[in-house]
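Me: Could you take a close look at one helix for me, and walk me through what surrounds it? I would enjoy a connected account rather than a list.

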Amino acid sequence: MSRIGKLPVKLADKTKVTVSGRQVSFEGPKGKMVVQLPAKGVKVTVAGNEVKVEREDESREARSLHGLTRTLLANAAKGVSTGFERRLDIRGVGFRAEVKGKAINLSLGYSHPVVFNLPEGVTAEVDKAARTEDGLPTLGLTLRSADKEALGAAAVKIRALRPPEPYKGKGIKYSTEKIRRKEGKTGTA
């Protein structure tokens, strides 16, 4: 039995769940989400304030989908009730970010400004107070969404615009990420 799959998904007070065929719909204060269940292998039941995922049989495919399906449903339930947040740090002299509508205007040391269009359901916010770490100004960029998958994909694409470099640490990194620093040239002759 899957250790994760057998755990019921607890629902928040204002979260509603409906199961129709192979679709599970979640509705809460942060929005709506629909999770598409696999064609076969698992079935979902709603009992009071809990959602339970059960296997239809003991096939290899059903066992592999059991924990995955439960995790996808748990992420959707948490997303519509409290939402998800991902924080990025933009480090470098002259590096800037500004949110205008559904786009982020970034100045990342290139000869041109970079405009990143946010996907549907993802919002961004820039911390106005820049901190200084190791002599480099650091700007915070916070992404929020009810959909964990869309949030992670947007964070990866923004980080790829200017990945952090190991010598000075300039670039865009996750706030929890540790950059392995290199020493660089010493210049002795």
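Reply: Happy to. A word before the helix: this is a predicted model, and a search of the whole structure finds zero aromatic pairs. Rings do take part in another kind of arrangement, though, and I will come back to that below.

The part I would pick is helix 2, which runs over residues 148–160. Its length makes a good starting check. With 13 residues at 1.5 Å a residue, helix 2 should span 18 Å, and its end C-alpha atoms are indeed 18 Å apart, so the expected and modelled values agree.

Next, consider which residues of helix 2 are hidden. A150, L151, A154, A155 and I158 are the buried ones. Around the axis they cover an arc of only 135 degrees, which means that they sit on the same side of helix 2. The other side of helix 2 carries the exposed residues E149, K157 and A160.

What lies over that buried side? The cover includes several strands: strand 7 (84–91), strand 9 (103–107), strand 10 (114–117), strand 11 (122–126), strand 13 (136–145) and strand 14 (171–174).

Strand 14 is worth following a little further, and G171 is a handy residue in it. G171 has a relative accessible area of 1%, so it counts as buried, the cut-off being under 20%. Setting aside residues up to four places away in sequence, G171 touches D89, I90, R91, F95, R162, P163 and P164. By contrast, the C-alpha atoms of G171 and A74, which are 97 residues apart along the chain, are separated by 33 Å.

One of those contacts of G171, R162, leads to the rings I promised. The charged end of R162 sits over the ring of Y110, 4.5 Å from its centre. There is also a charge over the ring of Y174: it belongs to R86, whose charged end sits 4.1 Å from the ring centre.

To place all this along the chain, it helps to look at the record. In an unreviewed entry, UniProt lists residues 14–83 and 92–174 for "domain: Large ribosomal subunit protein uL6 alpha-beta". In the model, residues 14–83 are 31% helix and 41% strand, and the end C-alpha atoms of that span lie 13 Å apart.

For a residue to set against G171, try P29, in the loop between strand 3 (23–28) and strand 4 (31–36). P29 counts as exposed, at 56% relative accessibility. Leaving aside neighbours within four places in sequence, P29 is in contact with K14, V80 and S81.

Key: Residues are numbered from 1 along each chain as its sequence is written. This is a predicted model: local features need pLDDT of at least 70, side-chain atom pairs count only at pLDDT 80 or more; totals for chains, interfaces and linings use all residues. Side-chain values use heavy atoms; hydrogens and water are left out. Rings of Phe, Tyr and Trp (its six-membered ring) pair if their centres lie within 6.5 Å; planes under 30 degrees apart count as stacked, over 60 as edge-to-face and the rest as tilted. A charge sits over a ring if NZ of Lys or CZ of Arg is within 6 Å of the ring centre and within 35 degrees of the ring normal. UniProt positions are given in the numbering used here, feature names are shortened, and annotations may be inferred rather than shown by experiment. Helices (H or I, at least four residues) and strands (E, at least two) are DSSP runs, numbered from the N terminus. The expected span of a helix is 1.5 Å times one less than its number of residues. Buried means under 20% relative accessible area, exposed over 50%, partly exposed in between (1.4 Å probe, protein chains only). The arc is that of the directions from the helix axis to the C-beta atoms. Contact means heavy atoms within 4.5 Å.
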